[in-house]
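Please read the following account with the sequence and the three-dimensional model side by side. It goes from helix packing to single residues and then to charged pairs.

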Amino acid sequence: MQELKENKIIIGEMTIKKSRFICLLQKVTSEQAALAFIKTNQQLNANHNCYAYIIGKNQNIMRKYDDGEPSNTSGKPILDILLHHHLTNVVCLVIRYFGGIKLGAGGLIRAYANSVKMNLKNSELIPFLETKEIIIQFPISKIKLVDEYLTYHYSNIKIKKTFNESISYTFSLATTEIPRLTLWTNNNAINLILSEHKDS
């Protein structure tokens, strides 16, 4: 199983018989995030906004949508390419501006599939790792210790920081890394909470 390495939107465009196909890929960790991405990035003046997404460590959520194209000529080929690359936690939106020349069912399937294939060539894929949301709480006197440790071991994580009487850091971490972090927090009298919410 694989996932996109970057959280940024990856965009590719191709023109086939005067029809423009704009493909957008994004890493997501929930169906709500996938639907929000589609709502935000769809182009309502386009002829079709077709998509597919896959969510979960077992690819247990899969959806596809043809948006007015003939049945299974757009959403299905998008989904098929994502599955062929063993991807999860991904949403793919392909926007079509019709150029006046009909492509036929076979042509549409190839066009949607190729737009996703082309965009995936510009994407870095990494092995999928299940993650869990972590909260650590500590007094302000330990902020330097915590920041140095997290920067050294987990420089790529995004941390939500809350400053009250004590400081709380919330972030997602691969489940394989949790035992090491738990040992370190125990040794340094830092409170670690495993959220019930799983990211993936």
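Which residues in α2 meet which residues in α3? From α2 come Pro77, Ile78, Ile81 and Leu82, and from α3 come Ile109, Tyr112, Ala113, Val116, Lys117 and Leu120, where contact means heavy atoms within 4.5 Å.

Before going further, note that this is a predicted model, in which local features need pLDDT of at least 70 and side-chain atom pairs count only at pLDDT 80 or more, while totals for chains, interfaces and linings use all residues. Residues are numbered from 1 along each chain as its sequence is written, and side-chain values use heavy atoms, with hydrogens and water left out.

The elements named here are DSSP runs numbered from the N terminus, helices being H or I with at least four residues and strands being E with at least two. Helix α3 spans residues 104-121, and α2 packs with α3 at an angle of about 35°, their axes being 8 Å apart; such axes are lines fitted to C-alpha atoms, for helices over the stretch in contact, and the angles run from 0 to 180 degrees between N-to-C directions. The crossing of α2 past α3 is right-handed, a label that applies if the near helix is turned clockwise from the far one by less than a right angle, whereas an anticlockwise turn is left-handed. Sorted by class, the contact of α2 with α3 has nine nonpolar residues, no polar ones and one charged residue; here Ala, Val, Leu, Ile, Met, Phe, Trp, Tyr, Cys and Pro count as nonpolar, Asp, Glu, Lys and Arg as charged, and the others, Gly among them, as polar.

Within α2, the residues Gly75, Pro77, Ile78, Leu79, Ile81 and Leu82 are buried, that is, under 20% relative accessible area, with exposed meaning over 50% and partly exposed in between (1.4 Å probe, protein chains only). The buried residues of α2 pack against β3, β4, β5 (61-65) and β6 (90-97), as well as against α3. Just after α2, His86 takes a positive phi of about 55°.

Helix α2, residues 75-84, also holds a charged pair, Asp80 and Lys76, which lie four residues apart, about one turn of the helix. An α-helix has 3.6 residues a turn, so residues three or four places apart point the same way. Asp80 and Lys76 form a salt bridge in which the closest N and O atoms are 3.0 Å apart, the term requiring a side-chain nitrogen of Lys or Arg within 4 Å of a carboxyl oxygen of Asp or Glu. Asp80 is partly exposed at a relative accessible area of 33%, and Lys76 is partly exposed at 35%.

A second helix pair is formed by α4 (residues 143-153) and α5 (residues 178-187), whose axes come within 12 Å and cross at roughly 160°. That angle makes α4 roughly antiparallel to α5, since angles over 145 degrees count as roughly antiparallel, under 35 as roughly parallel, 65 to 115 as roughly perpendicular and the rest as oblique. The crossing of α4 past α5 is right-handed, and its contact is made by Leu145, Val146, Tyr149 and His153 of α4 together with Arg180, Leu181 and Trp184 of α5. These residues of the α4 and α5 contact divide into five nonpolar, one polar and one charged.

Turning to single residues, His48 lies in strand β4 (residues 48-55) and counts as buried at 14% relative accessibility. Not counting residues up to four places away in sequence, His48 touches Asp67, Gly68, Glu69, Val94, Ile95, Arg96 and Tyr112. Asn47 is found in the loop between α1 (31-41) and β4, and counts as partly exposed at 42% relative accessibility. With neighbours within four places in sequence left aside, Asn47 is in contact with Asp67, Arg96, Tyr97 and Phe98.

The whole structure contains nine salt bridges. One of them joins the side chains of Glu3 and Lys27 at 3.8 Å, N to O, and links distant parts of the chain, with Glu3 in strand β1 (residues 2-4) and Lys27 in strand β3 (residues 19-27), 24 residues apart. Glu3 counts as buried at 7% relative accessibility, and Lys27 counts as buried at 18%. Glu13 and Arg20 also meet in a salt bridge, at 2.7 Å, N to O; Glu13 is partly exposed with a relative accessible area of 41%, and Arg20 is partly exposed with 33%.
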